[in-house]
Amino acid sequence: MGRKGSYDSLFSMRNNNFVAYYNENKKFMSQVKENDTVKVHYTGKLKNGQIFDSSLEREPLEFTLGQGMLIPGFEKAVIDMKVNDKKTVDIPVTEAYGEVRQELFHKVEKAQLPEEVKPEVGLGLVSKDAQGNEHPFKIVEVNEDHIVVDGNHPLAGQELVFDLELVEIK
């Protein structure tokens, strides 16, 4: 069943399911599944259309599904895609960076800031914990004697839209 020559077999039967092959058993028309390593081009946008990130001017994003390296909604969107598939997906807050968490807002006395820091709204700061881990914060309020910083991810509380193109399944 299948062609001879440079193809081992175009289609073969395995466990009552067709499996497609070409050249030395490389996958042909296979779909992304859990634990696959894939390459994806993407454009991430807010619901209002503002682009916040894109891979189109650089190498595609390579990742292995199921390792928790990306937001859950992005990984779910790639499942079952085939090479060269394109789609647009809406990712709800709960499958993106989550809701804005009030406990991640902190009041910091200006006296605690290094002298060279001139606090202004939008300025990014980094704090180290006792284990040496760095935590980014953004100044959201400046008062006479203190500032308020926000430790939420910049996209927390946002529904996201991604244009995806599956480039490769490794």
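1. Two strands count as paired if DSSP finds at least two bridges between them; strands (E, at least two residues) and helices (H or I, at least four) are DSSP runs, numbered from the N terminus. In these terms, K107 stands opposite V148 in β11.

2. The model is predicted: local features need pLDDT of at least 70, side-chain atom pairs count only at pLDDT 80 or more, and totals for chains, interfaces and linings use all residues. Residues are numbered from 1 along each chain as its sequence is written, and side-chain values use heavy atoms, with hydrogens and water left out.

3. β8 and β11 (residues 146-150) are antiparallel partners, joined over five bridges. Both belong to an open sheet of four strands, ordered β8-β11-β10-β9 with antiparallel pairing. At its edges lie β8 (105-109) and β9 (124-128), each of which pairs on one side only.

4. The largest nonpolar core (buried Ala, Val, Leu, Ile, Met, Phe, Trp, Tyr and Cys residues joined through side-chain atoms within 4.5 Å; buried means under 20% relative accessible area, 1.4 Å probe, protein chains only) has 21 residues. V38, F74, V78, F162 and L164 have the most contacts inside this core. At least two of its residues come from each of β4 (37-46), α1 (72-78), β7 (86-91) and β12 (160-169). β12 gives the most, with five residues.

5. With contact taken as heavy atoms within 4.5 Å, and residues up to four places away in sequence not counted, V38 touches V32, L61, E62, F63, L65, V78, L166, E168 and I169.

6. A second, separate core has eight residues, among them V108, L125, I139 and V149.

Technical notes
Buried means under 20% relative accessible area, exposed over 50%, partly exposed in between (1.4 Å probe, protein chains only).
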